[in-house]
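Here are a few exercises to work through with the model open beside you. Try each one yourself before reading the solution.

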Amino acid sequence: MLIYYADHFVLPLPAGHRFPMRKYAALRERVAQVAAHRMRVPEAATDAELARVHDASYTRAVAEGTLDEATQRRIGFPWSAAMVERSRRSAGATLAACRSALDSGCGVNLAGGTHHAHRAHGEGFCVFNDAAVAARAMQAEGRVARVLIVDLDVHQGDGTAAIFAGDDSVFTCSIHGRGNFPFRKAASDLDVELDDGTQDAAYLAALRVALPRALTRSRPDLAIYLAGADPFVGDRLGRLALTKDGLAERDRYVLETLHVAAVPVAIAMAGGYADDIEDVVDIHFATVAIALSLWSTSERRLPRMLDCATPLPIHEAP
Ligand SMILES: [Zn+2]
């Protein structure tokens with residue numbers, strides 16, 4: 001089980017910018033205390049890898065810094081060559097995490113989850129859609145046929161849903177705040193919309209229905225899990241009310257379910273905007289720690305890839 005980081009490819013932001021870029025370095029430092037030997041720097045996603053998901057004209061405009069002002073504003077970051085490199089590395093990290101998952105059962109990107117990136121535009125701090133790029137790469141390399149994307153960031157994975165609309169080989173599942181950004185939602189294969197203020201018990205009950213259903217319907221060779229920290233009660237942008245314990249229970253349920261089903265999983269961190277960066281780091285670190293507890297001791301016993309014909313030990317919810 002390998003863990004990828006790219007926070008030293010710094011995306012420069014003006015003073016006072018609301019994106020908490022510091023969280024990535026803080027998370028990497030925390031993870032290094034327990035798993036330094038598993039940590040790697042990913043390759044940048046190539047033009048060919050991006051082209052399986054994004055329009056060539058968009059990728060070129062990002063690379064050359066020629067996006068129009070409105071499109072750049074929608075992304076929310078000022079353009080720089082470093083922004084481009086960082087975005088490529090982040091997509092490369094999820095791609096590498098997928099390879100680790102297929103080799104060992106699990107892989108982790110300590111960033112990523114840029115699920116508001118569409119085919120031909122970025123949005124909401126998302127330039128390239130890392131999960132989509134990674135899923136397409138694994139398919140193109142012949143390593144998997146079917147992919148499940150489990151998006152538990154508090155915001156709907158609208159870019160991912162739009163990119164894979166009408167594609168039966170990639171199943172998109174999103175559990176998110178009904179009243180939150182994006183205000184015009186796309187249609188995932190399975191959407192669960194929660195009201196403002198939803199707490200642990202109701203959230204976990206919804207998850208325990210949705211995930212088995214998504215697994216049964218998708219029968220994936222690989223899952224990509226967006227473990228957003230922003231359903232947290234202390235999140236500035238979240239509008240839900242989960243505790244840290246509730247979020248850890250969420251992660252444990254998702255990861256144990258995939259582990260039992262022998263579905264390899266790549267984990268990306270996605271959003272987290274609590275006032276105290278340490279809260280975000282605590283939540284993401286707990287996700288990584290749960291993954292380590294499940295996979296770091298059992299790598300050799302896991303199958304390299306799930307046989308598509310093997311029925312999952314999961315039953316359709318009533
Ligand atoms: Zn989010």
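**Exercise 1. A backbone oddity, twice**

Is Ala262 buried or partly exposed, going by its relative accessible area? Then set Ala270 beside it and work out where each of the two sits.

Solution. Keep in mind throughout that you're looking at a predicted model.

- Step 1: Take the area. Ala262 has a relative accessible area of 22%.
- Step 2: Apply the cut-offs. Buried means under 20% and exposed means over 50%, so Ala262 comes out as partly exposed.
- Step 3: Check the backbone. Phi of Ala262 is near 60 degrees, a positive value although the residue isn't glycine.
- Step 4: Place it. Ala262 belongs to the loop between helix 9 (244–260) and strand 8.
- Step 5: Now Ala270. Its phi is also positive, near 60 degrees, again in a residue other than glycine. You'll find Ala270 in the loop between strand 8 and helix 10. With a relative accessible area of 5%, Ala270 is buried.

**Exercise 2. Find the cis peptide**

Find the cis peptide bond that joins Phe181 and Pro182, and say which loop holds Pro182.

Solution.

- Step 1: Look at omega. For the bond between Phe181 and Pro182 it is about -5 degrees, and the bond is cis.
- Step 2: Locate the proline. Pro182 is in the loop that runs between strand 5 (170–177) and strand 6 (190–194).

**Exercise 3. Follow the rings from Phe19**

The structure holds eight aromatic pairs. Classify the pair of Phe19 and Phe125, then carry on to Tyr273.

Solution.

- Step 1: Recall what you need. A pair of aromatic rings is described by the distance of the centres and the angle of the planes.
- Step 2: Classify. The ring centres of Phe19 and Phe125 are 4.8 Å apart with the planes at 65 degrees, so this pair is edge-to-face.
- Step 3: Trace the chain. Phe19 lies in the loop between strand 1 (2–4) and helix 1 (22–35), while Phe125 lies in the loop between strand 3 (106–109) and helix 6 (130–140). The pair links distant parts of the chain, 106 residues apart.
- Step 4: Check burial. Phe19 counts as buried at 8% relative accessibility, and Phe125 is buried at 12%.
- Step 5: Add the next ring. Phe19 and Tyr273 are also edge-to-face, at 6.1 Å between centres and 75 degrees between planes. Tyr273 sits in the loop between strand 8 (265–268) and helix 10 (277–295), 254 residues from Phe19. Both Phe19 and Tyr273 are buried.
- Step 6: Join them up. Ring pairs tie Phe19, Tyr24, Phe77, Phe125 and Tyr273 into a cluster.

**Exercise 4. Zoom out**

How does the radius of gyration of the protein agree with that of a compact globule? Add what you can about the fold as a whole.

Solution.

- Step 1: Compare. A compact globule of 318 residues would have a radius of gyration near 20 Å, and the protein has 18 Å, which agrees.
- Step 2: Get the extents. The C-alpha trace spans about 50 × 40 × 40 Å along its principal axes.
- Step 3: Count elements. There are 10 helices and eight strands.
- Step 4: Look inside. Buried residues account for 60% of the 318. Of the contacts between residues at least 6 apart in sequence, 77% join residues at least 24 apart.
- Step 5: Finish outside. The accessible surface is about 12,400 Å², with 52% belonging to carbon and sulfur atoms. As for charge, there are 34 positive and 40 negative side chains, and the centres of the two sets lie 2 Å apart.

Terms used:
Residues are numbered from 1 along each chain as its sequence is written. This is a predicted model: local features need pLDDT of at least 70, side-chain atom pairs count only at pLDDT 80 or more; totals for chains, interfaces and linings use all residues. Side-chain values use heavy atoms; hydrogens and water are left out. Helices (H or I, at least four residues) and strands (E, at least two) are DSSP runs, numbered from the N terminus. The radius of gyration is taken over C-alpha atoms; the globule rule is 2.2 Å times the number of residues to the power 0.38. Buried means under 20% relative accessible area, exposed over 50%, partly exposed in between (1.4 Å probe, protein chains only). Contact means heavy atoms within 4.5 Å. Accessible areas come from the Shrake-Rupley method with a 1.4 Å probe; for residues, only the protein chains shown count as cover. Lys and Arg count as positive and Asp and Glu as negative; His and the chain ends are not counted. The place of a charge is taken as NZ of Lys, CZ of Arg, CG of Asp or CD of Glu. Rings of Phe, Tyr and Trp (its six-membered ring) pair if their centres lie within 6.5 Å; planes under 30 degrees apart count as stacked, over 60 as edge-to-face and the rest as tilted.
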